[in-house]
Every structure is written in C-alpha cells, then in structure tokens.
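Here are a few exercises to help you find your way around a new structure. Try each one on the model yourself before you read the solution.

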Amino acid sequence: MAFRPLHDRVLVRRVEQSEKTTGGIIIPDTAKEKPQEGEVIAVGAGVRDDKGALQALDVKAGDHILFGKWSGTEVKIDGEDLLIMKESDILGVLDGSRAAKAA
C-alpha cells in the first residue's frame, strides 16, 4: 500500500464481526452496527514533545485495537474502506489471544 500516515495518525482496517451470536442467533444486516474493533495497517512517525524530540506511537502495524463509535475519518484506498484516526482516538490494544479469536 502506498500510503503513510503523518504525525500521530493511524490507518486502521475494521475487523468484521460475526454474523451469528454465541447463542446461534443470526444478526440481519439491518441490525448490525459498524465494528469498533480494527487492525492497525500503518502508523505515523509520532509527535514532537516540548524539547523537539520525536515520541513514537504506542501502537504498531498489526496491533488489534478498540476505538470509539464515531472515531476517525473513513477513506477509500486501493478500493478498500479504511479509517484514519489520531492515536488519542484509540481506546486500547487487544492482547494476542483475543486478537487471534477475532481473526
């Protein structure tokens, strides 16, 4: 992909939710909400602190994250719907075992 976010911005791909609940109920498309879970595709270099030193971001490409419902800006890059958001919009990083289940 030929896109690199700037500063403290992060490029995220939404992780699609299951169409079936754990109890076996199928959720129709009209009742689905946009997922608030995603995978980090690319990150910016970071932000400068008061002394001018570059502070790297806490997330890296490949991390599975949670973000707010209205976070980020939707963009289409190479025909794929992605989100660009600031690192401050990210609520947290999912650990490896939870992220493996999501995939």
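**Exercise 1.** Find out how strand 5 and strand 8 pair, and over how many bridges.

*Solution.* Keep in mind that you're looking at a predicted model. Strand 5 and strand 8 run antiparallel, and 3 bridges join them. To pin the pairing down, pick Ile65: its bridge partner in strand 8 is Val93. Now look at the other neighbour of strand 5, which covers residues 64-67. Strand 2 pairs with strand 5 over 3 bridges, again in the antiparallel sense. Here Ile65 is the bridge partner of Gly38, and Leu66 stands opposite Glu37.

**Exercise 2.** Work out the order of the strands in the open sheet.

*Solution.* Start from strand 1, residues 9-14, which is joined to strand 7 (residues 80-86) by 4 bridges. Strand 1 also pairs with strand 2, residues 37-43, through 5 bridges. Both pairings are antiparallel. Val10 shows the two sides nicely: Met85 stands opposite in strand 7, and Val43 is the partner in strand 2. Put the pieces together and you get an open sheet of 6 strands in the order 6-7-1-2-5-8, with antiparallel pairing. Strand 6 (73-77) and strand 8 (90-93) each have a single partner strand, so one side of each has no neighbour in the sheet. From one strand to the next, the twist averages 45°.

How many helices and strands does the protein chain have? Count along and you'll find 1 helix and 8 strands. Read from the N terminus, the order is β-β-β-β-β-β-β-β-α.

**Exercise 3.** List the residues of the largest nonpolar core, and see which elements give two or more of them.

*Solution.* This core has 10 residues: Val10, Val12, Val40, Leu57, Val59, Ile65, Phe67, Leu83, Met85 and Ile90. Strand 1, strand 5 and strand 7 are the elements that give two or more residues to this core. Next, zoom in on Ile90. Leaving out residues up to four places away in sequence, Ile90 touches Val10, Val59, Ile65, Leu66 and Met85. Another core, of 5 residues, lies apart from the largest one and includes Ala42, Ile77, Leu82 and Ile84. Over the whole protein chain of 103 residues, 29% count as buried.

**Exercise 4.** Which parts of the chain does the salt bridge between Arg13 and Glu39 tie together?

*Solution.* First check the distance: the closest N and O atoms of Arg13 and Glu39 are 3.7 Å apart, and the cut-off for a salt bridge is within 4 Å. Arg13 sits in strand 1 and Glu39 in strand 2, so the pair links parts 26 residues apart in sequence. Both residues are partly exposed, Arg13 at 28% relative accessible area and Glu39 at 25%. Salt bridges with shared partners also join Arg13, Glu39 and Glu80 into one network.

**Exercise 5.** Is Arg14 buried or exposed?

*Solution.* The relative accessible area of Arg14 is 19%. Buried means under 20%, so Arg14 is buried. Arg14 forms a salt bridge with Glu74, with 3.5 Å between the closest N and O atoms. Arg14 belongs to strand 1 and Glu74 to strand 6, so this pair ties together parts 60 residues apart in sequence. Set that beside the salt bridge of Asp81 and Lys76, at 3.8 Å from N to O. Here Asp81 is exposed at 57%, and Lys76 is exposed at 60%. The whole structure holds 5 salt bridges.

Terms used. Residues numbered from 1 in each chain as written. Predicted model: local features only at pLDDT ≥ 70, side-chain atom pairs only at ≥ 80, totals over all residues. Heavy atoms only, no water. Pairing = 2+ DSSP bridges. Axes fitted to C-alpha atoms, helices over the stretch in contact; angles between N-to-C directions. Core = buried A, V, L, I, M, F, W, Y, C linked by side-chain atoms within 4.5 Å. Buried < 20%, exposed > 50% of the residue type's maximum accessible area, 1.4 Å probe, protein only. Contact = heavy atoms within 4.5 Å. Salt bridge = Lys/Arg side-chain N within 4 Å of Asp/Glu carboxyl O.
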